[in-house]
Amino acid sequence: MSDLLFHERIGICMQLADVSGSQLAKAVNIDPSLISRYRNGQRVPGSDISVQLAETLWSYIEKKECMKELSAYMKKRESKISEKAFVSWFISEDGNDDESAAEARSLLDAFDRYIKTAPVAPVPIDIKEFSHLINDENGYYLGEKGLQDGVIRFLGNVYLHTPREILLFSDQNMNWMVSDPDYAQVWASLMAGCIKSGVHIRIVHNINRGLSEMNQAIKSWLPLYMSGMVYSYYLRDSEHKTSEVSMSALKESGGNLTERPAFPGRNLFSHTVFLCPDMFAIQGWNAAGSEKNWIYNYYTDADHLSCIGSLFEGLFAGSAPLIYFPEECNEDEAVMSYDYSGMNIFIFDDRVVIKNQLAPTRMFAFEHPLMMRAFRSFGRELG
């Protein structure tokens with residue numbers, strides 16, 4: 001196994017080889033757009049193309065005489081690097097097969113439990129109980145308690161005004177939402193009420209490349225996913241990490257940045273941004289770990305809403321679907337398929353489709369490379 005993901009390995013090798021995507025695509029006789037998708041993590045090539053890519057890149061790298069640099073990435077002594085060793089490293093699976101299979105099983109079990117048991121519906125909420133927060137006109141809220149109040153104001157107004165959609169992103173510690181069971185119930189009830197009112201939710205999950213973290217995000221949102229009203233995404237890495245753009249820079253640009261905006265320093269900072277387009281938003285960012293002292297601004301003016309809208313445009317431009325629900329699946333084109341606990345799993349070159357056979361029937365699809373590799377590993381484990 002390699003410590004680097006495939007999209008990282010191909011990017012490094014192309015840089016060492018000093019070869020462009022179009023040159024590499026021409027050498028292996030594939031569409032140049034595929035190279036772009038491999039590099040940004042949208043797709044992982046099949047075994048035959050992986051070998052062709054490896055052999056082609058090796059020929060370029062060997063001519064460039066950059067084995068010393070390559071050895072650092074391969075974690076091999078320079079004298080031990082050969083074409084065979086390079087190909088093996090380049091096409092290796094991402095992560096640990098046993099761990100990947102376990103994560104796939106865990107996610108399938110979560111689907112199975114949800115489908116077979118009647119989910120506990122959120123307790124109906126009396127919106128009048130929170131009228132003092134919903135009608136609040138404060139421009140900011142302080143600390144985690146302030147964020148809780150601000151989010152109740154935000155979701156309460158969404159529930160009352162039923163806009164077409166709301167946009168959500170947060171990579172800060174979620175204690176503010178889950179540490180108090182009573183508040184967690186209020187949040188869940190308001191979210192369910194918004195969905196029942198016909199509001200669509202687009203959320204960019206805070207996941208980097210950890211499969212466990214990805215699964216946790218999916219499991220925690222599963223009841224809302226089942227409504228079909230939630231569209232989830234994950235931020236792609238690598239070439240989608242752009243220069244730091246702060247909210248002040250967005251405002252100065254008038255919301256019309258030519259470069260894709262990105263949140264600064266995922267590790268140093270954390271952020272929360274909820275937007276109801278053209279109506280209101282709540283936003284805060286600060287040094288990670290200092291959330292209890294944050295100020296969360298609540299905006300209703302057109303300038304800030306436009307800027308935050310541009311921020312979300314940048315997020316979605318640098319994101320890919322995490323989970324979605326296809327209406328059809330051409331099973332004959334699958335490269336692998338197996339059954340597990342009343343579900344059919346079909347693995348294609350660019351996605352995994354899970355087809356549930358029990359009522360309510362629904363198909364789930366994933367395109368993230370780690371998810372695809374996890375379900376392939378689990379299929380091999382099942383035999």
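The following is a conversation about how the terms used for this predicted model are justified.

Colleague: What should I know about the model before we start?

Modeller: It is predicted: local features need pLDDT of at least 70, side-chain atom pairs count only at pLDDT 80 or more, and totals for chains, interfaces and linings use all residues. Residues are numbered from 1 along each chain as its sequence is written, and side-chain values use heavy atoms, with hydrogens and water left out.

Colleague: What makes β5 and β6 a pair?

Modeller: Strands are DSSP runs of E, at least two residues, and helices are runs of H or I, at least four, numbered from the N terminus. Two strands pair if DSSP finds at least two bridges between them. β5 (residues 269-276) and β6 (residues 280-287) have eight bridges, in the antiparallel sense. So they pair by that definition. Leucine 275, for instance, stands opposite alanine 281 in β6.

Colleague: Where do β5 and β6 sit in their sheet?

Modeller: The order is β1-β7-β6-β5-β2-β3-β4-β8, an open sheet of eight strands with mixed pairing.

Colleague: Why are β1 and β8 called edge strands?

Modeller: β1 (140-142) and β8 (319-323) each have a single partner strand, so one side of each is left without a neighbour in the sheet. From one strand to the next, the twist averages 20°.

Colleague: How do you know that helix α9 packs on this sheet?

Modeller: Contact means heavy atoms within 4.5 Å. Helix α9 (residues 143-161) touches β1, β2, β5, β6 and β7. Its direction makes about 140° with that of β1. Axes are lines fitted to C-alpha atoms, for helices over the stretch in contact, and angles run from 0 to 180 degrees between N-to-C directions. Helix α15 (residues 302-317) lies across β2 to β8, at about 110° to β5.

Colleague: Why is serine 319 called buried?

Modeller: Buried means under 20% relative accessible area, exposed over 50%, and partly exposed in between, with a 1.4 Å probe and protein chains only. Serine 319 has 8%, so it counts as buried. Its place is in strand β8.

Colleague: What makes the link between serine 319 and leucine 315 a polar contact?

Modeller: A polar contact is a pair of N or O atoms within 3.5 Å; within protein, one must be able to donate a hydrogen and the other to accept it, and residues adjacent in sequence count only if both atoms are side-chain atoms. Here a polar atom of the serine 319 side chain lies 2.4 Å from the backbone oxygen of leucine 315.

Colleague: What makes β9 and β10 partners in the four-stranded sheet?

Modeller: They share five bridges in the antiparallel sense. Serine 337 has phenylalanine 346 in β10 as its bridge partner. The open sheet runs β9-β10-β11-β12. β9 (336-340) and β12 (363-366) stand at the edges, each with a single partner strand. Helix α16 (residues 369-382) touches β9, β10, β11 and β12.

Colleague: What is notable about phi at aspartate 18?

Modeller: Its phi is near 55°, a positive value in a residue other than glycine. Most residues other than glycine have a negative phi. Aspartate 18 lies in the loop between α1 and α2. At 56% relative accessibility, it counts as exposed. Asparagine 29 also has a positive phi, near 60°, and is exposed at 70%.

Colleague: Why is tyrosine 60 called partly exposed?

Modeller: Its relative accessible area is 29%, so it falls between the cut-offs for buried and exposed. Tyrosine 60 is found in helix α4. It is 7.8 Å from aspartate 18, C-alpha to C-alpha, though 42 residues apart in sequence.
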